Amino acid sequence: MPEIRLYRPTDRAAIYDICVRTADAGDDARGHYSTDDLMGDLFAGPYAHLEPDLAFVVDDGGEAVGYVVGTSDTPDFVHRYRAEWIPLVGDRYPVPPPPPRTPEQDMVALHFNPERMLVDGLDGYPAHLHIDLLPPYQGRGFGRRLITRFLSAVDAPGVHLGMLTANVKARGFYDRLGFTVLPVPDPGPLTYLGIKTPI
């Protein structure tokens, strides 16, 4: 039976694989960019590296098949991303030109602009998370268990996330868990959702 456990450094390749295989609004994004590591370098790796105590995986027979990662303090995480993660990634990605850009350059631009995570209207929800599960493990309660584990570990009054509005399936999942819409100015293609942590 799969179990929820704390992330280990040996899970890195697995969480990167899970990340890219669910990065296209829940579908497989392998082959969309020049490296399949791009999604992991943006949305999984920095959290596992900078805040490993808030990184949990679904372990099925020793292999990670899902994860939740995040931070208790988004402003502090943004500072550490710029100070620690960007230098660690090094010159893997060239600084993109100003718009107009290719879709890949737009994604790489996110890497060089961690301040994009500082969104007005999220007062009371200073923590944020990312969660992904491989398709065979979706709809089986593992996502709920990952979120519950994260909420019990995070040191913040509330947690937010930004999801692609087009990802209707994920929205239903978050609604069932009690997340509510957080109105923010100019959310673009994202919907911001939040939930208060247990007291």
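**Strand pairing and a buried loop residue**

In this predicted model, Met163 stands opposite Thr191 in strand 7. The pairing behind this match is antiparallel: seven bridges link strand 5 with strand 7. Strand 7 covers residues 190-196, and because five of its seven residues are buried, the strand is largely enclosed by the rest of the structure. Strand 7 also runs antiparallel to strand 6, to which it is joined by two bridges. Here Thr180 is found opposite Gly194 in strand 7.

It helps to place these pairs in the sheet as a whole. The sheet is open and mixed in its pairing, with seven strands arranged in the order 1-2-3-4-5-7-6. Its edges are formed by strand 1 (3-6) and strand 6 (180-181), each of which pairs on one side only. Elsewhere in the sheet, strand 2 (residues 56-60) and strand 3 (residues 63-71) run antiparallel and are joined by five bridges. Val58 stands opposite Gly66 in strand 3. Helix 1 (residues 12-21) lies across strand 2, strand 3 and strand 4 (127-133), and its direction makes an angle of about 85° with strand 3.

A loop residue rounds out the picture. Asn167 sits in the loop between strand 5 (158-164) and helix 7 (168-177). Is this loop residue, Asn167, buried or exposed? Its relative accessible area is 16%, so Asn167 counts as buried, the cut-off being under 20%. Apart from neighbours within four places in sequence, Asn167 is in contact with Ala25 and Gly26.

Methods:
Residues numbered from 1 in each chain as written. Predicted model: local features only at pLDDT ≥ 70, side-chain atom pairs only at ≥ 80, totals over all residues. Heavy atoms only, no water. Helix = DSSP H or I, 4+ residues; strand = E, 2+ residues; numbered from the N terminus. Buried < 20%, exposed > 50% of the residue type's maximum accessible area, 1.4 Å probe, protein only. Contact = heavy atoms within 4.5 Å. Pairing = 2+ DSSP bridges. Axes fitted to C-alpha atoms, helices over the stretch in contact; angles between N-to-C directions.
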